[in-house]
Amino acid sequence: MTKEEARSLMRKMRAELSRQQRRIKDKSIFDRLFADTVWQEIEWFYPYVSYGTEVDTISMIRHVLNGKAGQGIRVAVPKVCGREMDFYEITGMKQLQPGYHGILEPVAECPKVLAQEGLMLLPGLAFDKENHRVGYGGGYYDRYLAACGGKKLHLYAAAYDFQIVDRIEAQRHDIAVHKIIVSQNKHN
């Protein structure tokens, strides 16, 4: 499947989910993510801030900020500036405001951090069985990860079960995730 075919199909399929289906799938992903043992070894969580029909990360961010994923885990979220993206530490949800394409981003007062270790949750429209990811086409995460060199980063993605396909085209610069947390498909 080409990246453009995957983007088009997955946008359509995500848009067709009912609120109830989305809520069930989001809860499944939330439970599976926080059951992962990675939380016992990390100090930083780098999630994207969900927007539109993406897997809900707002509840994940709140969960970590409230200390429920483990003591002392800090949160940093992305902010886009031109063709680049950086991460900024937040300590509360009030530090987010609409930014690039209306996506919630950290306010200017938040300190910039370099993602070197921890858990980074990457967004995506489609994933394949080799953990390749089709994003939205901007290349922000691929450029950021290539530049930051975070060898101790656990690269995860969260996806609805239908977002996993057999194979998608991947290029040399595309960075695959280490693990995909997928909603269980019993509640389609």
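These are my notebook entries on cysteines, a helix, a buried valine and some salt bridges.

**Before starting**

I am working from a predicted model.

**Entry: cysteines**

I began with the sulfurs. How many disulfides are there? I get a count of zero. I then looked up C81, to see why it has no partner. The closest cysteine sulfur to that of C81 belongs to C110, and at 15 Å it is too far for a bond. A disulfide would need the two sulfurs within 2.5 Å. C148 is in no disulfide either, since the nearest cysteine sulfur, that of C81, is 18 Å away from it, and the cut-off is 2.5 Å.

Are these two cysteines buried or exposed? C81 is exposed, because its relative accessibility is 62%. C148 has a relative accessibility of 8%, so I put it down as buried.

**Entry: helix 3**

Next I went to helix 3, which spans residues 58-65. Which of its residues are buried? I58, M60, I61, H63 and V64 are. A general reminder to myself: an α-helix has 3.6 residues a turn, so residues three or four places apart point the same way.

I also wanted to know what covers the buried residues of helix 3. The cover includes helix 2 (19-35) and strand 1 (44-47). Strand 2 (74-81) and strand 3 (84-90) are also among the covering elements, as are strand 5 (104-106) and strand 7 (117-122). Just past the end of helix 3, I noted that G67 has a positive phi of about 80 degrees.

**Entry: V75**

From helix 3 I moved on to V75, which sits in strand 2. V75 counts as buried because its relative accessibility is 0%. What does V75 touch, once neighbours within four places in sequence are set aside? I found I61, V64 and L65 among its contacts. W44, F45 and P47 are also in contact with V75, and so are Y88, E89 and I90.

I checked one of those contacts on the backbone too. V64 and V75 are eleven residues apart along the chain, and their C-alpha atoms are separated by 7.4 Å. V64 is itself one of the buried residues of helix 3.

**Entry: salt bridges**

Last came the charged pairs. Side chains of opposite charge can pair when their charged atoms come close. How many salt bridges does the structure hold? The count is nine, and I looked up three pairs.

K12 pairs with E16, with 2.7 Å between the closest N and O atoms. K12 is partly exposed, given its 48% relative accessibility. E16, with a relative accessible area of 52%, is exposed.

R143 and E84 meet through their side chains at 4.0 Å, N to O. R143 is in helix 4 (residues 140-148) and E84 is in strand 3, so this salt bridge ties together parts that are 59 residues apart in sequence. Both ends are partly exposed: R143 has a relative accessibility of 25%, and E84 has 46%.

K112 and D86 form a salt bridge as well, their closest N and O atoms being 3.6 Å apart. What does this pair tie together? K112 lies in strand 6 (residues 112-113) and D86 in strand 3, so the link joins parts 26 residues apart in sequence. K112 is exposed at 54% relative accessibility, whereas D86 is partly exposed, with a relative accessible area of 24%.

Technical notes:
Residues are numbered from 1 along each chain as its sequence is written. This is a predicted model: local features need pLDDT of at least 70, side-chain atom pairs count only at pLDDT 80 or more; totals for chains, interfaces and linings use all residues. Side-chain values use heavy atoms; hydrogens and water are left out. Buried means under 20% relative accessible area, exposed over 50%, partly exposed in between (1.4 Å probe, protein chains only). Helices (H or I, at least four residues) and strands (E, at least two) are DSSP runs, numbered from the N terminus. Contact means heavy atoms within 4.5 Å.
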